[in-house]
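Visitor: I am new to this structure and would like a close look at a single part of it. Could you choose one residue, take me through its surroundings, and then say how the chain around it and a few other places compare as topics for reading?

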Amino acid sequence: MIIPLLAAALFSCAEPDSAVRLDDVIVVGNATRDFQMKSSQTALQINRDYIDNNFSGSLMQTLEGIPGVKAMSIGSGQSKPIIRGLGFNRMAVTENGIKHEGQQWGDDHGLEIDQFNVDRIELIKGPATLKYGSDAIGGVLNLYNNFIPSVPFEGSLNLFGRSNNEQLGVSAKIGGRKGRVFYRANITLLDYADYKVPTDSIQYYSYYIRLKDKRLRNTAGLENDGSVMLGYMEHRFQSYLRISDSYSKSGFFANAHGLEVRLSDIDYDHSCRDIDLPYQSVNHFKILNHTTWYNDHMSVVADLAFQNNLRKELSEPVSHGYMPIPDGSLERCFDKSTYTMNLGTSISLTEHNELQFGVNTEYQDNNRKGWGFIIPDFETMSWGAYVYDRYEPHKNLQLNAGARFDAARTHIHSYYDWYETPLSETESVFLQRSAELKRRFTSVTWSAGASYNKNNWILKANIGKAFRMPIPKELGVNGVNYHIFRYERGNAELNPEESYQLDASVIFSNKKLYIQFDPYLNHFPNYIYLSPTADYVEGLQLYHYTQAKVLRYGFEAQLNYKIDTKLELELKGEYLYAEQQSGEKKGYTLPFSVPWSVDAGLKYSFVCKGDGFVGLNAHIVGKQDEIVPPEQPTPGYWTLNLTAGKQFMLHKNTLRVALHADNLLNKRYYDHTSYYRLIDVPEPGRNISMMIGLQF
Amino acid sequence: MNKYFIFISLLCALCACSGDDEEDKDMVKPSISESGIVASPIDCLVLHKGDVLPFRYVFEDNVELGKFNIEIHHNFDHHTHSTSALECELDDKKQPVNPWVYNEDYDIPENQKKYNAHLDIEIPEDIDTGDYHFAIRLTDKTGWQTLKAVSIKIIE
């Protein structure tokens with residue numbers, strides 16, 4: 001039904017007689033050039049238009065069109081970001097400058113941010129711990145939803161749907177500014193059913209699981225987000241307070257969660273929209289204050305934030321080994337609070353020299369509950385200070401360099417089993433799963449680079465060192481990971497992981513052609529790696545944390561060619577190679593190695609009472625033979641995808657329709673970086689996403 | 001300047017294409033087979049309480065075998081099935097009172113590519129009768145793992 005409607009909308013118009021304007025189709029304009037010349041890092045700016053036009057279900061899936069960015073699918077249509085093959089705690093996500101702190105380490109935890117309330121995104125590929133501290137090794141995804149309204153009242157209403165998991169959603173925003181005071185508020189509601197895969201059954205180990213109506217049992221879910229923002233601004237001063245909450249509840253694939261492939265008395269096939277055990281719920285509450293003061297030569301920015309991430313995993317209580325059937329279904333609960341304070345100053349020393357310095361402090365408190373143990377309780381206090389200088393010796397040349405010092409103190413608490421394990425006929429004990437541990441870490445990082453532009457060229461090079469503190473799971477875990485059928489053991493001796501990276505960027509653009517090439521070379525002297533061993537503990541294979549030298553290199557490339565005023569060709573691709581150069585798995589790659597991929601697309605733009613476009617894209621992914629136990633090689637595949645968008649002007653309002661059809665040929669394929677790859681679940685079949693938005 | 005950068009970029013691109021990963025990496029999982037022996041237990045095997053459960057399988061690996069684990073747990077709730085287990089006739093569902101729990105890790109002598117696993121497991125007298133799962137897990141030195149699960153039944 002959707003397609004004929006859209007087709008009618010697209011083709012009902014005659015040739016436009018107004019002057020053709022396609023400025024926004026050209027990827028690089030002066031604004032882009034200014035942005036690119038600001039830093040020597042490989043960076044990208046993504047605005048709301050791009051997000052709306054490429055809307056494909058979730059924010060991360062929308063961003064997957066950007067070379068070097070992957071959405072690691074974790075089931076339930078949720079996904080977590082990967083930049084150049086590094087995800088989890090090896091990249092950072094910030095919201096309005098504050099580092100987002102959920103349970104990033106987890107394989108099945110999505111991003112707890114309202115994706116329909118993002119004004120713009122800044123993506124940094126490469127080491128960025130200089131300004132963002134620990135974790136920003138692979139890159140940073142900076143999300144902003146703090147645009148200040150310019151009129152007394154404005155708003156938007158978006159409705160969206162997704163065919164594969166019958167997702168329905170609504171998102172409403174209002175905002176306004178009167179005199180010195182401004183406000184914003186938004187609400188997003190989402191509900192989806194079990195998602196469909198193009199297969200009737202899944203085979204895992206020797207188990208054979210039949211699927212009803214090709215649906216992945218119990219992967220339905222819902223999400224409710226809301227935020228309010230209140231601000232004050234005057235000449236040279238601005239401050240706002242933003243409170244947001246994001247709640248989601250989603251089921252886990254019922255047949256492969258927990259220790260073994262399980263059947264249950266729960267009638268999962270009764271409804272595809274209900275959420276039965278096992279499921280997870282996540283609530284992320286955030287309150288932040290951002291204050292800026294500036295004059296002609298100087299600016300000071302202060303951020304204060306509190307965030308609480310409350311995550312629960314519930315499943316049917318079962319006995320395992322010496323653990324009797326537990327009471328209740330709360331398997332794991334993580335309650336993590338993070339307090340953040342950032343202070344930054346920027347001073348114009350001369351017209352061409354800008355000095356920045358600042359401090360970041362963060363305190364984290366994590367408490368666990370439930371009958372399953374995976375990470376201990378802990379508190380971590382960390383702080384860092386940086387200095388950064390930007391110098392423009394010539395109008396076409398920009399140099400930058402900076403250094404940072406970080407220190408952290410972490411206190412991990414001991415944990416004992418709640419049940420006894422027999423040691424002999426007469427003796428039994430409550431086994432200790434985590435030992436009391438106090439560690440201090442320090443790290444020095446730096447970065448230097450240059451950007452140069454002449455005529456149609458921009459050339460950038462950057463070298464930098466990044467780091468991350470070992471997380472308490474890596475230091476203190478000692479127990480069964482019920483999700484992945486394995487026993488994991490931490491290593492209290494781990495050192496901060498360090499990474500050295502050389503980045504370059506070459507950009508050429510003229511009126512017809514845009515080319516970008518971003519190669520990089522990356523070395524980790526001590527990558528923290530969870531290595532599978534030959535040993536067994538409590539009946540499960542032991543995986544333990546080690547540190548190994550790792551070499552990674554790769555590139556992203558993009559080419560846009562405007563064939564004529566309406567037709568544009570786009571080619572983009574990425575390649576990544578990773579190898580462990582020491583340790584137990586010397587010679588092997590890293591887990592979830594991203595295979596090479598190429599996208600070829602053709603886009604037709606037109607103007608007819610508002611801008612519109614239709615695009616067809618072939619997404620080609622290579623096979624991945626570079627694996628490490630327990631992975632399997634993943635064959636290559638290609639999918640055909642369609643994107644279309646149209647704006648309609650209704651009086652002073654804009655109506656926008658965006659359509660995204662993925663996997664038009666309903667191909668069955670596996671994604672090497674998907675969480676469900678290990679249990680042989682193929683990726684979703686044909687999916688059509690649609691969004692209708694009204695701006696007023 | 002211009003040329004210099006292009007040169008560096010090309011160099012990076014070149015090194016990206018010259019991965020020298022021709023080392024001998026073990027990419028093969030170990031195997032659990034019945035080759036040349038009468039394997040036990042096999043699906044639908046029925047045994048008496050107090051009997052000896054003979055464990056006979058052949059383990060093989062291309063490089064070196066690691067360790068193995070045997071785990072036995074009840075299937076009174078019919079929680080899983082495998083392709084072949086479907087054919088075994090299951091008793092009615094029931095609540096466990098004193099189910100048999102067996103979970104033991106075993107070493108394999110070093111530097112073995114092939115190992116005939118030969119164990120006799122005593123079935124306790126005081127356990128619940130009914131359907132059980134017998135799971136074999138086998139690793140190789142590298143950390144690859146193979147799993148095999150069979151359904152057995154314990155009667156009086």
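Guide: Please keep in mind from the start that this is a predicted model. The part I would choose is B:Asp26, which lies in the loop of chain B between α1 (2-16) and β1 (31-33). Although B:Asp26 is buried, it has no salt bridge, and the nearest side chain of opposite charge, that of A:Lys585, is 9.0 Å away. A salt bridge would need a side-chain nitrogen of Lys or Arg within 4 Å of a carboxyl oxygen of Asp or Glu. What the side chain of B:Asp26 does have is a polar contact of 2.7 Å with the side chain of B:Thr142. If its neighbours within four places in sequence are left aside, B:Asp26 touches A:Tyr588 of chain A, and in chain B it is in contact with B:Asp61, B:Asn62, B:Val63, B:Asp140, B:Thr142 and B:Trp144.

Confidence in the surrounding chain deserves attention as well. The mean pLDDT of chain B is 83, with 79% of its residues at 70 or more. Within chain B, the lowest confidence belongs to α1(B), with a mean of 48, while the highest belongs to strand β3 (residues 52-60), at 96. Over residues 3-22 of chain B the pLDDT stays under 50, and for this stretch the model has 19 contacts beyond four places in sequence. Where pLDDT is low, the predicted coordinates should not be read in detail.

For another buried polar residue, one may turn to A:Asn400, in strand β20 (residues 397-412) of chain A. A:Asn400 counts as buried because its relative accessibility is 5%, and buried means under 20%. Its side chain makes a polar contact of 3.1 Å with that of A:Ser40. Beyond four places in sequence, the residues in contact with A:Asn400 include A:Ser39, A:Tyr388, A:Arg390, A:Gly449 and A:Asn462.

Chain A also offers strand pairings to follow. Strand β13 (residues 221-234) runs antiparallel to strand β14 (residues 237-251), to which it is joined by 14 bridges, and these two strands form a hairpin with two residues between them, where A:Arg236 in the turn has a positive phi of about 70°. On its other pairing, β14(A) is antiparallel to strand β15 (residues 279-294) over 15 bridges. A:Leu241 in β14(A) stands opposite A:Leu230, and it also stands opposite A:Asn289 in β15(A).

Key: Residues numbered from 1 in each chain as written. Chains lettered and ligands numbered in written order. Predicted model: local features only at pLDDT ≥ 70, side-chain atom pairs only at ≥ 80, totals over all residues. Heavy atoms only, no water. Helix = DSSP H or I, 4+ residues; strand = E, 2+ residues; numbered from the N terminus. Buried < 20%, exposed > 50% of the residue type's maximum accessible area, 1.4 Å probe, protein only. Lys, Arg positive; Asp, Glu negative; His and termini not counted. Polar contact = N/O pair within 3.5 Å; in protein donor to acceptor, adjacent residues only side chain to side chain. Contact = heavy atoms within 4.5 Å. Pairing = 2+ DSSP bridges. pLDDT = per-residue confidence, 0-100.
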